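Reader: I have a sequence and a model in front of me. Walk me through the fold, then the packing.

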Amino acid sequence: MSNGTPLGDFLRARREALKPHDVGLPEHGRRRVPGLRREEVALLAGVSSDYYIRLEQGRENSPSSQVLDAVAQALRLDAEATDHLNRLCLTTSQRPRDWGETGVSQQLLQLMDGWDHTPAFVIGPALDIMAANSLATALHSGFHRFDNLARMVFVDPAGREFYQEWERAAHSCVAEIRASYGNDPESARIAEVVAEVSAQSEEFTGLWQLHDVKGKSQEGKHLKHPQVGDLHIKFAAFTVNGAPHQQLVVYQAEPASPTAAAFETLRAMATQPEQAQAAVPVAGFAVNEQQRRT
């Protein structure tokens, strides 16, 4: 994914995204590098230039929390990016050992199956669809495969038709994988997804190199289903207790709205005998995970 270290790559990308005037520094003459110089970041953070260079080059393995906070302020990082910076500095022994390895619990599958008016699905750190209820499956029926959100947004032709605010969805998608990457920079699955999608999408590659970080939150989406048309939904993402690498994503429609009526149409489609399916782990994900562990 890079020839540098995860920490160095992140610091370099965020340094290059800033201009001197963004941080109150004068700008004189032509600059050889994009963004701030390493020496300027060091000055703003109150550390020596040599120390910051070692940090960015991966030769400083245990920066203090005070140094990281100072660097975060110098680079104008928000709370999520600052947390990401700190996670990148964790040693392997300090990271969760079961990150991404457990399956979706039966209790959660049963809970989603009971939401017949609400699309719900579970995603993993690399945005794999680990499980989905029948309404979520019907909602995404226009895609070639309902298996990984990054592939669906950037590679599947249906992505640009389904996500009406495609650029926003694309930025969010990449920033969410970056957030997961901070928890496990050595994740084989994240590396696999990034390599696969990068090979097929220059847009993904460009966004990945920005190192923006943002987890899923509560907000609205404008979607367009090939059969029921425009959908204006609200969604929320919840961390799953006992499996913090998993997120439960729930879509909702305003009561008595056109979107609610469209959900009813999708629900009728999903309950037809040839399409009816309870919430279950996605077969392809389960098989791939098992192959990666053996």
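Reader: How much area does the protein chain expose, and what share do carbon and sulfur atoms supply?
Author: This is a predicted model, where local features need pLDDT of at least 70, side-chain atom pairs count only at pLDDT 80 or more, and totals for chains, interfaces and linings use all residues. Residues are numbered from 1 along each chain as its sequence is written, and side-chain values use heavy atoms, with hydrogens and water left out. Accessible areas come from the Shrake-Rupley method with a 1.4 Å probe; for residues, only the protein chains shown count as cover. The protein chain exposes about 14,900 Å², and the share from carbon and sulfur atoms is 49%.

Reader: What percentage of the residues count as buried?
Author: Buried means under 20% relative accessible area, exposed over 50%, and partly exposed in between (1.4 Å probe, protein chains only). The protein chain has 294 residues, and the buried part is 47%.

Reader: How many helices and strands are there?
Author: Both are DSSP runs, numbered from the N terminus: helices are H or I with at least four residues, strands are E with at least two. The count for the protein chain is 14 helices and six strands.

Reader: Which residues of α6 are buried, and which are exposed?
Author: Helix α6 covers residues 106-113, and its buried residues are L108, L109 and M112. Those residues sit on the same side of α6, because their arc around the axis is only 100°; the arc is that of the directions from the helix axis to the C-beta atoms. L109 counts as buried because its relative accessible area is 4%. On the other side of α6, the exposed residues are Q107 and Q110.

Reader: How far apart are the ends of helix α13?
Author: The expected span is 1.5 Å times one less than the number of residues. Helix α13 (residues 258-270) has 13 residues, so the span should be 18 Å. The end C-alpha atoms agree, at 18 Å.

Reader: What do the buried residues of α13 pack against?
Author: The buried residues are T259, A260, A262, F263, L266, M269 and A270. They fall within an arc of 165° down the axis of α13, so they line one face of the helix. Contact means heavy atoms within 4.5 Å. The packing partners are α7 (134-139), β3 (219-225), β4 (229-240) and β5 (243-252).

Reader: How many aromatic pairs are there, and what is the pair of F143 and Y163?
Author: Rings of Phe, Tyr and Trp (its six-membered ring) pair if their centres lie within 6.5 Å; planes under 30 degrees apart count as stacked, over 60 as edge-to-face and the rest as tilted. A search of the whole structure gives 10 aromatic pairs. For F143 and Y163, the ring centres are 6.2 Å apart and the planes are at 50°, so the pair is tilted.

Reader: Which residues do ring pairs link into a cluster, and which rings does R178 sit over?
Author: The cluster consists of F154, W166, Y181, F204 and W208. A charge sits over a ring if NZ of Lys or CZ of Arg is within 6 Å of the ring centre and within 35 degrees of the ring normal. The charged end of R178 is 5.3 Å from the ring centre of Y181. R178 also lies over the face of a second ring, 3.6 Å from its centre: W208.

Reader: Which residues is D156 in contact with, beyond its sequence neighbours?
Author: D156 is in the loop between α8 and α9. D156 counts as buried because its relative accessibility is 6%. Leaving aside neighbours within four places in sequence, the contacts are F143, H144, R145 and R151.
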